[in-house]
Amino acid sequence: MFRLNLKIALRNLWRNRGITSINVGGLAIALAAFILVILYFTYETSFDKTNPNYNNIYVVGRIEPDFKTNYTSPPFAKAIKQHLPEVENAGITKRGFFEFSMKNGKNTLFAKNFMQADYNAAKILDLKPTGGLEKPPGNVERLSYLSKENMRALFPDKTDNKPEIVGMGASNSGITSKINGSITNNLHSNITFDGISIGNEIGKGENYGYNNYTTYIQVKPGTDVANLEQKITDLYRKELLKGETDQKTIAEIKGVSTFLDPLANLHLRPKAGNDAPYKILIALSILGILILVIACINFTNLSIAQATKRAKEVGIKKVMGAYRFQLTAQFLVEIFIQCFVATILGLTLAELSLPYFNNLFQVNLSIWTTENDLCWQLPLILCVITLIAGTYPALVLSGFKPALVLKGNFSTSKQSSWLRNGLLVFQFSIAVIFIIGLFIINSQLKYMRSEDLGFTANQVVYIKNISMFNKPETFAPVRDKILKIPGIKSATVATDIPDGAEGGANGYTFEGVKSSLDFIDVDFDYFETLDIKLKEGRFFSKSFPADTTNGAVVNESTVAKYGMKNPVGKTIRGCNIDYKIVGVVKDFKAQGFESAVKPTIYSIKNPCGNYKTQIMVKIEGNKMSSALAALKAQWLQINPKDGEDFRYEFLDDLYGKLFKKQEQLQSVFFGAALLTIFIAVLGLFAFAKYITNGRIKEIAVRKILGASDIQIFSLINSSFFIMVLIANVISWPLAYVITKRWLETFAYRIDLPILPFISSALITILLTVITVSIQARKAVKANPVDALKYE
Amino acid sequence: MIQLTNIEKYYANKGVKNYVLRLVTTTINQGEFVSIMGPSGAGKSTLLNIIGMLEEPTYGIYNFLGEDVTNLNERKRIELYRNHIGFVFQAYHLIDEMTVYENIEAPLLYKKVGSAERASRIADLLDRFNMVAKKDLFPNQLSGGQQQLVGIARALAAQPSIILADEPTGNLQSAQAEEIMSLFKKLNEEEGITIIQVTHSEKNAQYGSRILHIADGLIKEDMAVVA
C-alpha cells in the first residue's frame, strides 16, 4: 500500500514537475533563510552558556540619577562577599583601556585589550589558562596570560607551556614583562581579551571613587535576586556613607542604587547599555519565521490549486474502500517528501550563503558542528512545516465527496478561492512592506552619506599613539616634525576623534546658569584639520597665548542651550577655570546621525579632562601614500615615546563604521525583499497557471464570441491586478508606521518620501502582469476548437 | 438483497423543494440484472447513487442485505464497499498515475488481501479480459473500451456481490458497448453477480433481466425482460 502510494506520489510530482519544482524550490529558499536565522539566533543567545554557573552569575551595576553603568569600584566586591552570605563568590575585572605593543624579537603584537582580573573573577567567569587556573602564589603579584592566538603570533615555534619574557611598548623602552602561559579566549563569551593578568587582588588601595571595574558575583542557587539586589543597594549606600558628614553628599548618596544583571542578558540586552542587538535579533527571527510561513502558505496554496487533478483519485479510492484517514496520510506523506527534499536543498543553499551571512553579521557560524543544535532543530522544522503546509490540503483533498467528484465537471476553484486569494494578498503585502522598507533605508543611507557632516573626515589620518600631549608645548615639536613632511597640511592632538565616540561631560556655569556640557580637549589646528566651520569669533591661535590657559570654543548647540547672546568674549566657568569664549563653531555630527549634536565645549587646558593622545593629520590627497610612508619611516624620530610602531586609520573609514549597523539592516532588507518577492511571484506563477487552466473553456467561448487577445489578457489579469492593489493598500499604512518609527531613531533624517510607496505598487503590479500574462499567453494562443472539443 | 421503501430525495432551494426522487419503493433480489432507464434528469443516477450509498435519501428506508443502511457511518459503509459493492463509471475513472495492474490491485490493497492472493486474482482477471500484455500501460495509453474493461476488472477484483454501473457504455462505440454488455450478462449469469446499470439505450437494457423506467422521480414501469 505504502509503496503504491509512494509510486503515485512520485509519478504525480514528476508529471507536474514544473509546479513541483516551484513548490519545492520556494520552500527550500525560505528554509535556507530560516536555517541561517536559527543558527544566528542560537549563537547569539548562547553566549557564556558553557559556564557551569551560567544561571547564577550576575554583574553588579550602579544606578546614578541620570545614568546606569556596569562600572563599579574595587572595594565593593569585597564588601559584598564579606557581608552577604547568599553570594558565593565576588570578583572584579578591568578592561585594558589603551592599545600597546608587545614584542618578541621581530614578532610584534598589538594588544588592544589586556584585561585584569582578580582570582575570584577568573573563577566565576570560568577562565581557562592552559594547564588550569592557578592562584598566584604569595610572592607573585600577578600571573599574566596571552590568548592562544596571540601567543602563537609572538612565539610561533613554542610548543611547551613555559613562561616567556616579552618586550612591552617600543623596543627602546626597555620594559619587559613575564607571560606565564596561554589562555583560551572564548569568542563566544562576553569576556574576550587579547591577554589577561590575574592577581589575588587588583585595584588595591583604590576606594569607592575608582569606578573603573566590573564586579561579577556568583550567587547560591535559589537565591531571591530581587531581595539580594535591595540588600546590595543598602550595603552600597552604607559603604559610601561611611565617614560622610556633608548633608548634600549624603542626600546624593541616598539617590544612588545598584542592580544585578544576569550573565545571560549581558550580550544582547544589558541593563546598562542598549538592547538594539536584542531587538535586531528578534526582528530577524520574526523575519525568518515570516518568510518560512509565506513559503508554507505558497505550498498550501499550490497543493489546493492542484486539488481538481487529485479529486478523481480521492473519489475512486473512497468507493474502492479507502478510509479518509488513509487518504489524509497519503497526502501528508506526499507533502512530507517534498518538504524533505526542500530541507536538503535549503541546507545546501544555507551552506552556500553562509560565508556572505557571516561577513554581514561579523560572526563565524557553521552548519556542520554539533553544538548549534541543528541536529534536532531541523527534523523538528521539517515536521512542523509538513504540518503547516500539509494539514489543510490533506484535509481538503481527503474530504471530497465521491458522488460530487465522480460526476465529472468537478471544480474546486469556487470553494476555496477566497482563501487562496487571501493568502496571495498576504504574501504580496509582506513583499510590499519589505520593498518600501528597502527604499526608505536606501534613501536614509544615501542622505547620511551625502549630507554635510559639518566636518571633513576625508584625507584625515588618525594616528594611534600612547604618549600624552596634554600640554601644547609637548606636542609642538611633534607637530613641527610632522609638518615638515611634504603633503601634510596640519596636525593636531585631542582627547577624542569624531568617530562616534562619546566625550566626557562636566558641569559648566554661564551667567549663573549651571548645566552639563560635553567637553573635548584639543590642541591648535583641531578645527582646521577637521575643516569645521566657524560661526563667529575665531579658532584657537598661537598668536593668543591666553588660549592655552583659559580659551574656549563652544558649538551652536551650547549657545542654544544657555540661550547665549553674543557669547564671544564672555566667560563660562567649569573645572575651577574661568574660560573665555573666543569663538563659536557650527555644529558638526561627530556622533553620527542617530543622536543630535551635543552641546560641547572645546578647550586646550582642562585639568578635569582626559589624556590627549589622539593624533590627527590632514594630508593632501595626491601625496597621501608618500606622506604616510614618510611618517612611518620617521615615526621613531617624530614621536620617540611611541616607538617604531606607526599605525594609522583613515578617519572617514572610522566614521563610516557608524553606518555599519544601518548597512547591515539594508542588506537584510534587500535579502528579505528579494526573497519575499521571489516567493510571492512563484506562488502567483503557479496560481495563475492553475486559474488559466481552469478557464480555458471560458476563454475559448469568449474568443468564439469575438473577444480580442488584449481583452482576454486584461480579463485574466484584472482579478490579480485587484489583489495586488489590495495588498499594496493594506501594507502602506503598516509600512508607513514601521518606517516612520525607524526614521525616528535618527536625529537627522529624511522626510518620509511618497515615492517608495508608489514604486512598490508599480513593481508589484508590473511583476504580476508579467507573471500572469506569461501564463495566460498559452490559453489565449490556443485554438478554441481544441478547448471545446472535449466535454 | 436491496429493499427501498418510500425513498425520497429533494433539494430545497429558497423554500421550494425540487424533487429528484419521489416515493420510490422497490426490491432487487440477488442475481438480478436491473437496468434503470428514463429521460435525462429523471433521477436515474441519483437512484443509483443512493443504492451505492454515495448519496443519502432525504426520506425513506434503505435495506441492504437485510440491514438498514439509510444512515450508515463511514466505517461501516466502507466495509460494504470493500466486500460487496463494485462501481463502474461512464468516464471509467481509472487513476491516471497508476498502471493497469496497479489500478486493478488498488481495491485489494484496501481490502488487505495477501500479496500471493492478490497476484493470482489479478493474473486471473487480466487473463480473462485479455489484458496481460497491457498490464504495465497507463490508462491514457488505452482505448476507451479497454479502459472500461480495466474499470470492470477493478470492480470485480474485490469479488463483490453487486456491481453498480452508471452508463458504462455511454462513452463507447457500439461494438465496444456490445462487448461490455455481453460481459455483464456473462458475469450475471455465470457468477450470479447482481448488476444494476443506468442506461439510455433500449438495446443495452435488453441484456438485463428487468427494467425500471423512471420519469420525474417516479417509477413509471417495472417490467421483466423477456428473453
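**Note on the predicted model, chains A and B**

1. Glu511(A) is partly exposed, because 13 other C-beta atoms lie within 10 Å, and a count of 12 or fewer would make a residue exposed while 20 or more would make it buried. The model is a predicted one. Glu511(A) sits in the loop that links strand E17 (504-510) and strand E18 (513-521) of chain A. Its phi is near 45 degrees, a positive value in a residue that is not glycine. Most residues other than glycine have a negative phi.

2. Asp531(A) also has a positive phi, near 55 degrees, and is likewise a residue other than glycine. The loop holding Asp531(A) runs between helix H16 (526-530) and strand E19 (534-537) of chain A. With 17 other C-beta atoms within 10 Å, Asp531(A) is classed as partly exposed.

3. The domain assignment splits chain A into domain 1 (1-47 + 278-410), domain 2 (54-266) and domain 3 (468-638). Taken over C-alpha atoms, the centres of domain 1 and domain 2 of chain A are separated by 50 Å.

4. An open sheet of 4 strands in chain A has the order E16-E24-E15-E25, and its pairing is antiparallel. Strand E16 (488-494) and strand E25 (647-650) of chain A form the edges, each pairing on one side only. On average, neighbouring strands of this sheet are turned by 25 degrees against each other, with direction ignored. Strands of a sheet pair through backbone hydrogen bonds.

5. Within that sheet, E16(A) and E24(A) run antiparallel and are joined by 6 bridges. Thr492(A) stands opposite Met616(A), which belongs to E24(A). Of the 7 residues of E16(A), 6 are buried, and the strand is mostly covered. Helix H15 (residues 472-483) of chain A lies across E16 and strand E24 (614-619), and runs at about 155 degrees to E16(A).

6. At the other edge, strand E15 (residues 460-464) of chain A pairs with E25(A) over 4 bridges in the antiparallel sense. Ile463(A) has Tyr648(A) of E25(A) as its bridge partner.

7. Ala633(A) is placed in helix H19 (residues 624-638) of chain A. It counts as partly exposed because it has 13 C-beta neighbours inside 10 Å. Ala633(A) and Glu644(A) are 11 residues apart in sequence, and their C-alpha atoms are 8.5 Å apart in space.

8. An unreviewed UniProt entry lists several stretches of chain A under "transmembrane region", including residues 21-43, 280-304, 376-397 and 754-774. In the model, residues 280-304 of chain A are 100% helix and 0% strand, with end C-alpha atoms 36 Å apart. Residues 376-397 of chain A are also 100% helix and 0% strand, and the end C-alpha atoms of that span lie 31 Å apart.

9. The contact between the chains takes 18 residues from chain A and 20 residues from chain B. On the side of chain A that touches chain B, helix H1 (2-15), helix H10 (307-319) and helix H13 (402-405) of chain A each supply at least two residues. The residues on this side of chain A divide into 11 nonpolar, 3 polar and 4 charged.

Terms used. Residues numbered from 1 in each chain as written. Chains lettered and ligands numbered in written order. Predicted model: local features only at pLDDT ≥ 70, side-chain atom pairs only at ≥ 80, totals over all residues. Domains from an automatic or database assignment. Contact = placed C-beta atoms within 7 Å. Nonpolar A, V, L, I, M, F, W, Y, C, P; charged D, E, K, R; others polar. Pairing = 2+ DSSP bridges. Axes fitted to C-alpha atoms, helices over the stretch in contact; angles between N-to-C directions. UniProt positions renumbered as here; feature names shortened; annotations may be inferred.
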